[in-house]
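Visitor: I'm new to this one. Could you show me around?
Guide: Gladly! Here it is, and then ask away.

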Amino acid sequence: SVPAAILSALSAAARGGVLFKGGAALEMLADVRAFAFDKTGTLTTGRAEVTGLHAADEAGFLRKLAGLEAQSEHPIAEAIRREVASRALIPETVRDVQAHPSEGITGQDDTGPIWAGNPRMAARMGADLPHLPGLSDGAQTLVWLGRGPAVLGALTVADRPRASARDGLTALRRAGVGLAMMTGDRRAVADRIGAELGLLPPEIHADLLPEDKVHLVASLAAQGRVAFVGDGVNDAAALARADVGIAMGAAGSEVALQAADVALLSDDMAQLAAAHRLAQRTARIIR
Ligand code: ADP
Ligand code: MG
């Protein structure tokens, strides 16, 4: 039977919005030596905003891009849909839409195949990315739209750290655990957000594919138990690989929640640090 100390810790954690799928996950958390975090939607709010735009036909560009992103639950897609709605534009109909985690999205409009995403996606389509005057690439995420090798335009999207993220990371650092940020976003964005959160350069990992996150988690696991905190479809494999997978509950994807051992309902990083302390106290009582 489950020790009373564990049951009471599970319910105390639940009151703080940290839901464990079982007592074993709580015991595992007590032994975690390193916490790895996804960036977008985990350490940042995931409520990104469109901050700049460069296209010959701005309305046409936005309608096509919003059509591609119509079904996506990625924070970038939500930012684009909000921008299009605020300009009272109607998204174009785009068929055969397919998400490519950590790269972008592809589909078909009335003329043929189109794509949107980062330089990795552009390279896959044989597109050379032009320098776009007027689009500041200063530590923002660039989203390119193209048809085959032809670039139709680009926009920039910016997100900011969650209010609780910096304090949550500081509390975990004080507890003596290792920290890492792992993102599919570009280096400049990762470095800016990481610095705002008080992370050190070697703790910041950028330009990662979902499988790169898995490999990084595995390499941290060579030094001790690892927790991974993430929200997206692109985090599911890393959540499953970690000793403790922790999913963002409020805005996280269903896939991430299913792959995780713990759900952070409040999205509050201070509660995560508190749950870690609680797990350690509980482990001392029962061992
Ligand atoms: P993170 O690891 O920080 O959560 P992701 O792996 O989800 O970030 O995304 C990494 C990058 O992939 C994004 O910064 C963006 O350039 C590109 N990307 C992913 N999904 C999309 C999408 N739906 N539309 C456009 N770009 C996308
Ligand atoms: Mg994410």
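Visitor: Which residues in H12 do the residues of H7 meet?
Guide: This is a predicted model, and here we look at where two of its helices touch. On the H7 side, the contact is made by Ala-165, Asp-167, Gly-168, Leu-169, Ala-171 and Leu-172. Those of the contact residues that lie in H12 are Met-269, Ala-270, Leu-272, Ala-273 and His-276.

Visitor: How many residues of the contact of H7 with H12 are nonpolar?
Guide: The contact residues fall into three groups. One is charged and two are polar. The nonpolar ones number eight.

Visitor: Are H7 and H12 roughly parallel or roughly antiparallel to each other?
Guide: The axes of H7 (residues 165–174) and H12 (residues 269–286) come within 7 Å and cross at roughly 20°. Angles under 35 degrees count as roughly parallel. The two helices, H7 and H12, are therefore roughly parallel.

Visitor: And is the crossing left-handed or right-handed?
Guide: Angle and distance leave the handedness still to be named. Where H7 passes H12, the crossing is left-handed.

Visitor: Which element gives the most to the shell around ligand 1?
Guide: Around ligand 1 there are 23 residues, with Thr-40, Ser-102, Asn-118, Thr-183 and Gly-184 the closest. Elements that give two or more residues include helix H5 (75–86), strand E5 (104–108) and helix H3 (39–43). With three residues, the one that gives the most is H3.

Visitor: Which domains each give at least three residues to that shell around ligand 1?
Guide: The shell itself is made up of five nonpolar, 13 polar and five charged residues. At least three residues come from each of domain 1 (4–45 + 160–286) and domain 2 (49–158).

Note on methods. Residues are numbered from 1 along each chain as its sequence is written. Chains are lettered from A and ligands numbered from 1 in the order in which they are written. This is a predicted model: local features need pLDDT of at least 70, side-chain atom pairs count only at pLDDT 80 or more; totals for chains, interfaces and linings use all residues. Axes are lines fitted to C-alpha atoms, for helices over the stretch in contact, and angles run from 0 to 180 degrees between N-to-C directions. Helices (H or I, at least four residues) and strands (E, at least two) are DSSP runs, numbered from the N terminus. Angles under 35 degrees count as roughly parallel, over 145 as roughly antiparallel, 65 to 115 as roughly perpendicular and the rest as oblique. A crossing is left-handed if the near helix is turned anticlockwise from the far one by less than a right angle, and right-handed if clockwise. Two residues are in contact if their C-beta atoms, placed from the backbone, lie within 7 Å. Ala, Val, Leu, Ile, Met, Phe, Trp, Tyr, Cys and Pro count as nonpolar, Asp, Glu, Lys and Arg as charged, and the others, Gly among them, as polar. A residue is near a molecule or strand if its C-beta atom, placed from the backbone, lies within 6 Å of it. Domain bounds come from an automatic or database domain assignment.
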